Amino acid sequence: MLREINDSNFQAILGEGQPVVIDLWAPWCGPCRMMGPVVDELAEEYDGKIIVGKMNVDDNEEVPAQFNVMNIPTLLLFKDGQLVNRHVGAARKADLVPLFDALL
């Protein structure tokens, strides 16, 4: 299940005890729109194991600034509340599965 993550609930979601993947995106970003279905699919496949969420960078400035996100789409991958990896740019599902598997 895909979750909506924002500056307000970010810390609470990290504290839920599961790995977290955040897709930072914006509605005007073409590559972000291409990644949307891929992230949705991964959210379904990893449901119950990894929290997968989207964060609109137009509406949320604190978290992207905290992690020096300069380009979107960017995936931030957290384990035990700590950033352990990031992926910048559009990618195929096959390229992202190993990143998700590494969180388990």
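Visitor: Which residue lies over the face of Trp 25?

Guide: That's Lys 54, at 5.4 Å from the ring centre. Keep in mind as we go that this is a predicted model.

Visitor: Okay, rings then. How many aromatic pairs does a search of the whole structure find?

Guide: Four of them. To read a pair, look at how far apart the ring centres are and at the angle between the ring planes. Take Phe 10 and Phe 78: their ring centres are 5.6 Å apart with the planes at 70°, so we call that pair edge-to-face, given that the label applies over 60 degrees.

Visitor: Where in the chain do Phe 10 and Phe 78 sit?

Guide: Phe 10 is in helix α1, residues 10-14, while Phe 78 is in strand β4, residues 74-79. They are 68 residues apart, so this pair links distant parts of the chain.

Visitor: Are Phe 10 and Phe 78 buried or exposed?

Guide: Buried, the two of them. Now swing round to Phe 67, which also pairs with Phe 78: here the centres are 5.3 Å apart and the planes are at 80°, so this pair is edge-to-face too.

Visitor: What does the pair of Phe 67 and Phe 78 tie together?

Guide: Phe 67 lies in the loop between α3 (62-66) and β4, and Phe 78 lies in β4, so the pair ties together parts that are 11 residues apart in sequence. Phe 67 is buried, just like Phe 78. Put the ring pairs together and you get a cluster of Phe 10, Phe 67 and Phe 78.

Visitor: Let's try a helix. Which residues of helix α4 are buried?

Guide: In α4, which runs over residues 93-101, they are Leu 96, Leu 99 and Phe 100. The trick with a helix is to ask where such residues point around the axis. These cover an arc of only 95°, which puts them on the same side of α4.

Visitor: And what do the buried residues of α4 pack against?

Guide: Quite a list: β2 (20-25), α2 (30-45), β3 (51-56), β4 and β5 (82-88).

Visitor: How do I read burial for a single residue? Is Ala 12 buried or exposed?

Guide: Go by relative accessible area: under 20% is buried and over 50% is exposed. Ala 12, in helix α1, has 52%, so it is exposed. For a sense of distance, its C-alpha atom is separated by 25 Å from that of Pro 37, 25 residues along the chain.

Visitor: What about Thr 74, buried or exposed?

Guide: Thr 74 is in strand β4 and counts as buried, at 1% relative accessibility. Its side chain reaches the backbone oxygen of Asn 71 at 2.4 Å.

Visitor: Which residues is Thr 74 in contact with, leaving aside its neighbours within four places in sequence?

Guide: Ile 22, Asp 23, Leu 24, Val 69, His 87 and Val 88.

Visitor: Last one: which residues does a disulfide join here?

Guide: To spot a disulfide, check the distance between two cysteine sulfur atoms. Cys 29 and Cys 32 are joined this way, with S to S at 2.4 Å, and the count comes to one disulfide.

Visitor: Why is the disulfide called right-handed?

Guide: Because the torsion about the S-S bond of Cys 29 and Cys 32 is about 75°. As for burial, Cys 29 has a relative accessible area of 4% and is buried, and Cys 32 is buried as well, with 2%.

Methods:
Residues numbered from 1 in each chain as written. Heavy atoms only, no water. Phe/Tyr/Trp six-rings, centres within 6.5 Å; stacked < 30°, edge-to-face > 60°. Helix = DSSP H or I, 4+ residues; strand = E, 2+ residues; numbered from the N terminus. Buried < 20%, exposed > 50% of the residue type's maximum accessible area, 1.4 Å probe, protein only. Lys NZ or Arg CZ within 6 Å of the ring centre and 35° of its normal. Contact = heavy atoms within 4.5 Å. Polar contact = N/O pair within 3.5 Å; in protein donor to acceptor, adjacent residues only side chain to side chain. Disulfide = S-S within 2.5 Å.
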